[in-house]
Amino acid sequence: MPRALWWLLVGMALNVTGASFLWPLNTIYLHEQLGQPLAVAGVVLMLNSGGSVIGSLAGGFLFDRIGGFRVLLAGAVLTMAALGGLSVWHGWPHYAVFLAFVGVGSGVVFPAASAYAGAIWPEGGRRAFNALYVAQNIGVAVGSALGGLVASYSFSLVFFANLLLYAAFLFTVVAGLRRVPLPPRRKKEREGRTGDEASRAHIRALVLLCAGYGLCWLSYVQWSTTIAAYTRELGIPVGQYSLLWTINGALIVLAQPLLSAVIRRFMPTLKRQIVIGFLIFAVSFAMLLGAHSFAEFAASMMVLTIAEMIVWPAIPAAVNEWAPPGKAGFYQGIVNGTATAGRMIGPVIGGSVADLFGMKLLIMMLALFALLAVLAALLHDRRLPKRTENADEKTAASV
């Protein structure tokens, strides 16, 4: 991998580590420390997610106009300013306002990082996005563990430690990416992707792929909301439920070499990788229909994690592959915004269905969503300009 990509990976690991200090603790802090009802806490978290959606669209749009370095710099500075405010004023309602701006700042960073990864190492194909995915999950694991440890001493230290990690992210961006030239797209590639018909085909492909992506994120987030409550109803202890996420994180980091070999052998194209991943999502939710014990939930989580490892890095890689010239950042912003929107509305939809119709119907609906995602993935590239054989061979070789 290029040296610049290593800088980006280290920076994003620090970025997500900082963000993960707050993610697991927001509701606890709002409810227990600030005395706000859970409904208010939910609204605050929706404001944070809504800010992230806005930031994603803005970050992707700006990437295409001012470049990745400046966008990452802007996102880091905005997030640090909001976290600096939180470090000083973390009472009510200041917390809600600053958390919304944290969402905007972090939202700016993620699509820019995805577009940057593809631009820094275009010949790497999906490997660049897979490396970015692993780096972000390392950050999630480290940040979630350290955040709880720091919070046990003082919640104020959580905000300050988060600020320091974003400062480290900013330093990494400045030190490693300030003078990284982005290679222009090849002339033939530009010529083959112009015209209104091609633009409509790209938009159609983006809408279909993001529809499937959003449905799967809406389903995935149920594991931390409705399915979490369901395990408690079945008498599964909180400690065992937490262990499910330990399994998830361990598989993501440790199973990468084996899964990469499987993908190279059986999923030579990104489309096939996405379709298979969505199918495995459907299987993981179908397994929950008869799950009553920890072992059964653990088995479903393992299958879900395999699906996640296949799909999550493949979606931005596929979009980067066929995005029109000069629009890679905007397209990545739509992708990242879709994932955030799924995480934002998922708990509301899942909780409503579970309350009204029960968990069994919700689980069947989640499996159906994954199958609809399969259909969207199968159809999304029907009208895209055909790629050359050499391009296909290069993509398969770069897995």
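Helix 13 and helix 14 are roughly antiparallel to each other, where that label takes angles over 145 degrees, under 35 counts as roughly parallel, 65 to 115 as roughly perpendicular, and the rest as oblique. That is my starting point.

Some ground rules. This is a predicted model, so local features need pLDDT of at least 70, side-chain atom pairs count only at pLDDT 80 or more, and totals for chains, interfaces and linings use all residues. Residues are numbered from 1 along each chain as its sequence is written, and side-chain values use heavy atoms, with hydrogens and water left out.

Now the numbers for that first pair. Helix 13 covers residues 270-287 and helix 14 covers residues 294-311. Helices here are DSSP runs (H or I, at least four residues), numbered from the N terminus. The two pack at an angle of about 165°, and their axes are 8 Å apart. Axes are lines fitted to C-alpha atoms over the stretch in contact, and angles run from 0 to 180 degrees between N-to-C directions. The crossing of helix 13 and helix 14 is left-handed. By that I mean the near helix is turned anticlockwise from the far one by less than a right angle; clockwise would be right-handed.

Which residues meet? On helix 13 they include Ile-274, Phe-278, Phe-281 and Phe-285, and on helix 14 they include Val-303, Leu-304, Ala-307 and Glu-308. Contact means heavy atoms within 4.5 Å. The residues of this contact divide into 14 nonpolar, 4 polar and 1 charged. Nonpolar is Ala, Val, Leu, Ile, Met, Phe, Trp, Tyr, Cys and Pro; charged is Asp, Glu, Lys and Arg; the others, Gly among them, are polar.

Helix 13 has another partner. It packs with helix 17, residues 359-379, at about 170°, axes 8 Å apart. That makes helix 13 roughly antiparallel to helix 17. Ile-274, Phe-278, Phe-281 and Phe-285 are among the helix 13 residues here, and they meet a set in helix 17 that includes Leu-366, Ala-370, Leu-371 and Val-374. By class, the contact of helix 13 with helix 17 has 17 nonpolar, no polar and 1 charged.

Helix 14 also has another partner, helix 11, residues 238-254. Their axes come within 9 Å and cross at roughly 30°. Helix 11 and helix 14 are therefore roughly parallel to each other. Helix 11 passes helix 14 in a right-handed crossing. The contact involves, among others, Leu-244, Trp-245 and Asn-248 of helix 11, with Phe-297, Met-301 and Glu-308 of helix 14. The class count for helix 11 with helix 14 is 12 nonpolar, 3 polar and 1 charged.

On to the rings. The whole structure holds 13 aromatic pairs. Rings of Phe, Tyr and Trp (its six-membered ring) pair if their centres lie within 6.5 Å; planes under 30 degrees apart are stacked, over 60 edge-to-face, the rest tilted. One of them is Tyr-213 with Trp-312, edge-to-face, 5.5 Å centre to centre and 80° between the planes. Tyr-213 lies in helix 9 and Trp-312 in the loop between helix 14 and helix 15, so the pair ties together parts that are 99 residues apart in sequence.

Are these two buried or exposed? Tyr-213 counts as buried at 7% relative accessibility, and Trp-312 counts as buried at 6%. Buried is under 20% relative accessible area, exposed is over 50%, partly exposed is in between, with a 1.4 Å probe and protein chains only. Trp-322 and Tyr-331 also pair edge-to-face, at 6.1 Å and 75°. Both Trp-322 and Tyr-331 are buried.

Tyr-213 and Trp-312 also belong to one aromatic cluster, with Trp-217, Tyr-220, Trp-245 and Phe-281. Phe-281 is one of the helix 13 residues meeting helix 14. Trp-245 is one of the helix 11 residues in contact with helix 14.

A few single sites to finish. Most peptide bonds are trans. A cis one joins Trp-92 and Pro-93, with omega about 5°. Pro-93 sits in the loop between helix 4 and helix 5.

Ser-52 is in helix 3. Ser-52 is buried, at 11% relative accessible area. Its contacts are Gly-103, Val-104, Ser-106, Gly-107 and Thr-340, leaving out residues up to four places away in sequence.

Last, Leu-368, in helix 17. Leu-368 is partly exposed, at 45%. Its C-alpha is 9.9 Å from that of Ser-219, 149 residues apart along the chain.
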